[in-house]
Amino acid sequence: GKYRVISTKPMPGTRWIRLLTDQDCRVEICTQKKTILSVEDILSLIGDKCDGVIGQLTEDWGEVLFSALSRAGGKAFSNMAVGYNNVDVNAATKYGVAVGNTPGVLTETTAELAASLSLAAARRIVEADEFMRAGLYDGWLPHLFVGNLLKGQTVGVIGAGRIGSAYARMMVEGFKMNLIYYDLYQATRLEKFVTAYGEFLKSNGEQPVTWKRASSMQEVLREADVISLHPILDKTTYHLINKDSLAIMKKEAILVNCSRGPVIDEVALVEHLKENPMFRVGLDVFEDEPYMKPGLADMKNAVVVPHIASASKWTREGMATLAALNVLGKIKGYPVWSNPNQVEQFLNENSPPPA
Ligand code: GLV
Ligand code: GLV
């Protein structure tokens, strides 16, 4: 291979490696045992010659790394993530390094986890599981682990992009929830979907579902019963959910976060969970990942999982493939595949996702 491409972590599947090696690249995969690589670790990986890097969301890709990559002749960096808050794109641009991310292939997988957390919180699945395993179940009772019925309630989505819209469709169609969303852009296709599904229900003699585009985030927080956060993390969304926004939510609301931890002021959230035992959260991401703020782990009204929203086999192989294509396209000077359907076809060739 003429080009040296580094992956800072082993990634699922092998096809992403073949894609690169078939096109003049030699792939070096970092096998360091530590989970989170420091800037120094990555500097020594880059070394004197490196054409492209596939990196992870746990790494700090700023001035130091991009200048080193550029000095080593590198032209391309891809995050194996859709989020890129760990990447200083301005610094990359300054050093002539192109930046890629991996949207699309994780939309449904991530939305499915947001739906899972919504249900786990609504029906108190984790608490009930702990109770069962602790041997505390001594017979059916009318009030045992009573939770929330989603049907007819309102699901609120903050950030109705690809993932937020997929989640909204799942909750509306799966559980007959009404939708309220907030986004700078109008989610036209999502609105059409809810309208059509509402008409279907009506023709069936059932209560139709409805949608509303809120004019402020506060409107969603006040009106929704289940709220899922799907914004990107930047200065404008840092601590979007804080003491004041929590205060206007319903006392029995459910809040789900599969975006980025710092979108929520986690200290304020722990306080709120303590004061409002009927308020529940499902969290995939944390402000100081991999740590939780003090007290969160003790809250029965919180379901917590370790940033696994995109963790399905198909999606993780897809992310690795897209990251490889991002780097390869820049090194070669042209997009290897320009049509997103080609990626999907490639991924489905040997292991089709379940229909
Ligand atoms: C995961 O958090 C991602 O951004 O892909
Ligand atoms: C509950 O198990 C019921 O039969 O109603």
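**Exercise 1. How many nonpolar, polar and charged residues does the shell around ligand 1 have?**

Some ground rules before the solution: this is a predicted model, where local features need pLDDT of at least 70 and side-chain atom pairs count only at pLDDT 80 or more, while totals for chains, interfaces and linings use all residues. Residues are numbered from 1 along each chain as its sequence is written, and chains are lettered from A and ligands numbered from 1 in the order in which they are written.

*Solution.*
- Step 1: list the shell. Leu-57, Ala-81, Val-82, Gly-83, Leu-106 and Ser-310 surround ligand 1 (a residue is near a molecule if its C-beta atom, placed from the backbone, lies within 6 Å of it).
- Step 2: sort by class. Ala, Val, Leu, Ile, Met, Phe, Trp, Tyr, Cys and Pro count as nonpolar, Asp, Glu, Lys and Arg as charged, and the others, Gly among them, as polar.
- Step 3: read off the result. The shell has 4 nonpolar, 2 polar and no charged residues.

**Exercise 2. Find the largest nonpolar core and the helix that gives the most to it.**

*Solution.*
- Step 1: set the terms. A nonpolar core joins buried Ala, Val, Leu, Ile, Met, Phe, Trp, Tyr and Cys residues through C-beta atoms within 7 Å. Buried means 20 or more other C-beta atoms within 10 Å of the residue's own, exposed 12 or fewer, and partly exposed in between, with C-beta atoms placed from the backbone.
- Step 2: take the largest core. It has 57 residues, and Ala-168 and Leu-179 have the most contacts inside it.
- Step 3: pick the helix. Helix 5 (residues 107–122) gives the most to this core, with 8 residues; helices (H or I, at least four residues) and strands (E, at least two) are DSSP runs, numbered from the N terminus.
- Step 4: check its surroundings. Helix 5 is largely enclosed by the rest of the structure, because 12 of its 16 residues are buried. Among them are Leu-113, Leu-117 and Ala-121.

**Exercise 3. Locate Lys-176 and His-239, and decide whether each is buried, partly exposed or exposed.**

*Solution.*
- Step 1: look at the backbone. Lys-176 is not a glycine, yet its phi is positive, about 55°. His-239, also not a glycine, has a positive phi of about 55°.
- Step 2: place them. Lys-176 sits in the loop between helix 7 (162–175) and strand 7 (178–182), and His-239 in the loop between strand 9 (226–229) and helix 10 (243–247).
- Step 3: count neighbours. Lys-176 has 18 C-beta neighbours inside 10 Å, so it counts as partly exposed. His-239 has 16 inside 10 Å and therefore counts as partly exposed.
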